[in-house]
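Grab a pencil: here are a few short exercises on rings, charges and helices. Each has a worked solution below it.

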Amino acid sequence: MNKIKKWELRKCLLNKFAVALMIILFIGKIISAIVYNANIPKGVDTDIYREYMKTLEGKYTKEKSEYIENEMARISSLEDSQFSYVVKYDKGLITKEEFDNIMYEIRIAPKMLSTLSYISSKCDYYENSYREGIFFYDLDIQRYMSVMGLDFIGLTFVIYICMSLYFSDISAKTTVLVTTSYYGKKYTNRIRLILGLIICVLSTVILSITEFVAKYITMDIDYFKMPVKAMLDMNNFAFDTNIGSGLLIIYGGRVLLTVVIVLGFSIAARIKTNLQRK
């Protein structure tokens, strides 16, 4: 490795500030991956939703939609029938287990109705817009994917690397080295572009893997073969594909954006050099 490569690496990566920044951003990525998710749909109880998904699991059918409507009607009538169930229990017409189950459902009836209302909305969506709909426990993966987009933590590091490579010759005391280089400015720019792409793309991939692993450990997202558009809040996703492919598309978009940013800094640096020559 010649002197220019060593200086460029030292300038952007092999220094105390860069190492500290990498550690901070890595820890920040883990914390944000655990903490930052979309909110659970209003009124939906995750435990109740999970139980109904066990019952409904599989392809959408009209019968399943009717089952949800009947459940809503049944739960709505429970509170009005509470006294009659007490009488039935006192007369020995229902067992204690049956009575306890009914009383429990009465206590959680508001949560059940809110959750059933959300499932009913999903049934309407399947019926009218997405007949290939499949029921599965999608709350966690939906909360994850619906907020995926720009990775600001990763972009912070990418921008730092690019600024260090292209616009810190004076502070890094590399101006003379670069301008008097035996290989010339063109060679130096090529080295910076290659280093920038390698470091920034690698950091983006590592941070994305870190995010995914943290989500996988802390959330129930192991439904990668299910269609993305089966999730109610993901009905506007650009591609009709499965969840695994959808995640790869989003992560691939982050890598592509990283490449564009590095190339943009490279072009800006060359324009700046040409203007200074004039």
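**Exercise 1.** Which residue lies over the face of Y137?

Solution. Start from the rule: a charge sits over a ring if NZ of Lys or CZ of Arg is within 6 Å of the ring centre and within 35 degrees of the ring normal. R50 fits, at 3.8 Å from the ring centre of Y137. A word on the source: this is a predicted model, where local features need pLDDT of at least 70, side-chain atom pairs need 80 or more, and totals for chains, interfaces and linings use all residues. Residues are numbered from 1 along each chain as its sequence is written, and side-chain values use heavy atoms, leaving out hydrogens and water.

**Exercise 2.** Classify the ring pairs Y125–Y130 and F212–Y216.

Solution. Phe, Tyr and Trp rings (six-membered ring for Trp) pair with centres within 6.5 Å; planes under 30 degrees apart are stacked, over 60 edge-to-face, the rest tilted. The structure has 14 such pairs. In one of them, Y125 and Y130 sit 6.1 Å centre to centre with 5° between the planes, which makes them stacked. For F212 and Y216, the centres are 5.9 Å apart and the planes at 35°, so that pair is tilted.

**Exercise 3.** Are Y125 and Y130 buried or exposed?

Solution. Buried means under 20% relative accessible area, exposed over 50%, partly exposed in between (1.4 Å probe, protein chains only). Both Y125 and Y130 are buried. By contrast, F212 is partly exposed at 24%, and Y216 is partly exposed at 39%.
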